[in-house]
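Here is a small set of exercises to work through at your own pace. Keep a viewer open, try each task, and then compare your steps with the solution.

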Amino acid sequence: MPIFKLDEFLLNILPKKRLIGIDPGTKTLGIAVSNTDLTVASPIKTIKRKKLASDINELLSVFNYYDIAGLIMGWPLNICLLYTSDAA
């Protein structure tokens, strides 16, 4: 899956495909999946982080099940919109 700038990203999503959103944390990965119209995303699961290989395998199963065409990764920002290692 290539990495795109936002405007390129939107042009390269195949019709009627879904996006996955990942909210990474130190202990869990929050997972949300869009509908095929890309108008809404719904949370589907929280993955308790273990080892990298295990986390990747669980993510790949979600990718395959929902036929994912693109990924949106969360970026932890604090209330001042500055990056932090933990936005909580």
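Buried means under 20% relative accessible area, exposed means over 50%, and partly exposed lies in between (1.4 Å probe, protein chains only). The model is predicted, so local features need pLDDT of at least 70 and side-chain atom pairs count only at pLDDT 80 or more, while totals for chains, interfaces and linings use all residues. Residues are numbered from 1 along each chain as its sequence is written, and side-chain values use heavy atoms, with hydrogens and water left out.

**Exercise 1. The overall layout**

Describe the protein chain by its helices and strands, its burial and its contacts.

Step 1. Helices (H or I, at least four residues) and strands (E, at least two) are DSSP runs, numbered from the N terminus. By that count the protein chain has 2 helices and 4 strands.

Step 2. Reading along the sequence gives the pattern α-β-β-β-α-β.

Step 3. Of the 88 residues in the protein chain, 19% are buried.

Step 4. A contact means heavy atoms within 4.5 Å. Among contacts between residues at least 6 apart in sequence, 36% join residues at least 24 apart.

**Exercise 2. The two sides of helix 2**

Find which residues of helix 2 are buried and which are exposed, and work out how the buried ones are arranged.

Step 1. Start with the length: helix 2 has 15 residues and reaches 21 Å from its first C-alpha to its last, close to the 21 Å expected at 1.5 Å a residue. The expected span is 1.5 Å times one less than the number of residues.

Step 2. List the buried residues of helix 2: Asp55, Leu59, Val62 and Phe63. Seen down the helix axis, these buried residues fall within an arc of 100°, so they line one face of helix 2. The arc is taken over the directions from the helix axis to the C-beta atoms.

Step 3. Recall the general geometry: an α-helix has 3.6 residues a turn, so residues three or four places apart point the same way.

Step 4. Turn to the other side of helix 2, where Ala53, Asn57, Asn64 and Tyr65 are exposed.

Step 5. See what the buried residues pack against: strand 1 (18–24), strand 2 (28–34), strand 3 (41–48) and strand 4 (68–73).

**Exercise 3. Asp55 and Lys48**

Compare the surroundings of aspartate 55 and lysine 48.

Step 1. Aspartate 55 is in helix 2 (residues 52–66), and its relative accessibility of 5% makes it buried.

Step 2. Setting aside residues up to four places away in sequence, aspartate 55 touches Leu29, Ile47, Lys48, Arg49 and Lys50.

Step 3. Lysine 48 belongs to strand 3 and is exposed, at 63% relative accessible area.

Step 4. Beyond its neighbours within four places in sequence, lysine 48 contacts Lys27, Thr28 and Asp55. Lysine 27 is 21 residues from lysine 48 along the chain, yet their C-alpha atoms are separated by 6.2 Å.

**Exercise 4. The nonpolar core**

Which residues make up the largest nonpolar core, and which elements give two or more residues to it?

Step 1. A nonpolar core is a set of buried Ala, Val, Leu, Ile, Met, Phe, Trp, Tyr and Cys residues joined through side-chain atoms within 4.5 Å.

Step 2. The largest one has 10 residues: Ile20, Ile22, Leu29, Ile31, Val33, Ile47, Leu59, Val62, Phe63 and Ile68.

Step 3. Strand 1, strand 2 and helix 2 are the elements that give two or more residues to this core.

Step 4. Take one member, leucine 29: its contacts more than four places away in sequence include Ile22, Ile47, Asp55 and Leu59.

**Exercise 5. Positive phi**

Locate residues with a positive phi and say how accessible two of them are.

Step 1. As background, most residues other than glycine have a negative phi.

Step 2. Lysine 16, not a glycine, has a positive phi of about 60°. Lysine 16 sits in the loop between helix 1 (6–11) and strand 1 and is exposed at 57% relative accessibility.

Step 3. Aspartate 67, also not a glycine, has a positive phi of about 55°. Aspartate 67 lies in the loop between helix 2 and strand 4, and 41% relative accessibility makes it partly exposed.

Step 4. Leucine 38 takes a positive phi near 60° in the hairpin of strand 2 and strand 3, which has 6 residues between the strands.

Key
Two strands pair if DSSP finds at least two bridges between them.
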